[in-house]
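Trainee: Before we begin, could you show me the sequence and the structure, so that I can follow along as we talk?

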Amino acid sequence: MILEHLACYIYCNILRLLPALARQWWNSSDCKVSNIIDKLTVTYVSHLICKEEIEAVQEHQTKDEHMQVKVNAAYEVLAIYTVDEVNMEILISLPYNYPLGPVKVMSRKEICGTNQWRTWVRQLTLFLTHQNGNIWDGLTQWKSNLDKRFDGVEECYVCYSVVHASTHQLPKSTCKTCRKKFHSQCLYKWFNTSNKSTCPICRNMF
């Protein structure tokens, strides 16, 4: 009995602290195991973690200069980013089997070009899917990217993000030829995957 309680405690904390890792393991499990884990998680854990996520957002939802956050009983989070008295809105919806199932990020209202807006929404979706952070961490990252972008900071031309998802740094490595800027981590990944030390944009030696 003690061993069973310990196993449940460890599993619950993995879901809380390492949701991306748990999601990856669940997705790679065979169908039978996946269904059992899904039922157990939905029955005993998902509603608790969803509640914790919503409460964490509510703790920070005091109105910011640019971003306001609202939550509802359906485990949905509405983020409203305001610039020059015009609003952009996204809706984050937690699935019934969270955190095993992926979070949905939906566009509600946009003011920028379609491609740029899709990039920002995709960045938030990728963060919430593949990083071991919570909803508020993702919203903070999303807001930082928008803040820097509207302040005129150039985005990295590899990941198309202003603030790096892991290091939270700005693009500082500049190509001497085309003058485009990149995160040093993105450049390192580019050099490794391409087996070349050339600029991702102009292809001249970096």
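Mentor: What follows is a set of questions and answers about this structure. It is a predicted model, in which local features need pLDDT of at least 70 and side-chain atom pairs count only at pLDDT 80 or more, while totals for chains, interfaces and linings use all residues. Residues are numbered from 1 along each chain as its sequence is written, and side-chain values use heavy atoms, with hydrogens and water left out.

Trainee: How many helices and strands does the chain have?
Mentor: Helices (H or I, at least four residues) and strands (E, at least two) are DSSP runs, numbered from the N terminus. From that end on, the elements follow the order α-α-α-α-β-β-β-β-α-α-β-β-α. The secondary structure therefore comes to 7 helices and 6 strands.

Trainee: Which domains does the assignment give, and what does UniProt place at residues 156-203?
Mentor: The bounds, which come from an automatic or database domain assignment, give domain 1 (1-150) and domain 2 (154-205). The span 156-203 is 23% helix and 8% strand, and its end C-alpha atoms lie 16 Å apart. UniProt positions are given in the numbering used here, with feature names shortened, and annotations may be inferred rather than shown by experiment. For residues 156-203 an unreviewed UniProt entry gives the feature "domain: RING-type".

Trainee: How much area do domain 1 and domain 2 bury between them?
Mentor: The centres of domain 1 and domain 2, taken over C-alpha atoms, are separated by 27 Å, and 10 residues of domain 1 are in contact with 11 residues of domain 2, where contact means heavy atoms within 4.5 Å. Buried area is the accessible area (1.4 Å probe) that two parts lose on being put together, summed over both. Of the area buried here, 49% is on carbon and sulfur atoms, and the total is about 760 Å².

Trainee: Which three residues supply 47% of the area that domain 1 buries against domain 2?
Mentor: No other three residues of domain 1 supply more of that area. They are Gln141, Asn145 and Lys148.

Trainee: How many salt bridges does the rule find across the interface of domain 1 and domain 2?
Mentor: A salt bridge is a side-chain nitrogen of Lys or Arg within 4 Å of a carboxyl oxygen of Asp or Glu. Across the interface of domain 1 and domain 2, the number found by this rule is 0.

Trainee: Which element gives the most residues to the side of domain 1 that touches domain 2?
Mentor: The elements that give two or more residues to that side are α5 (114-130) and α6 (135-150). The one that gives the most, with 5 residues, is α6.

Trainee: Where in the chain are the two residues of the salt bridge between Arg16 and Glu52?
Mentor: The structure holds 2 salt bridges, and in one of them the side chains of Arg16 and Glu52 meet at 2.9 Å, N to O. The pair links distant parts of the chain, 36 residues apart, with Arg16 in helix α1 (residues 2-17) and Glu52 in helix α4 (residues 46-59).

Trainee: Which peptide bond is cis?
Mentor: Most peptide bonds are trans. Pro99 is found in the loop between β3 (86-93) and β4 (104-109), and the cis bond, with omega near 5 degrees, runs from Tyr98 to Pro99.
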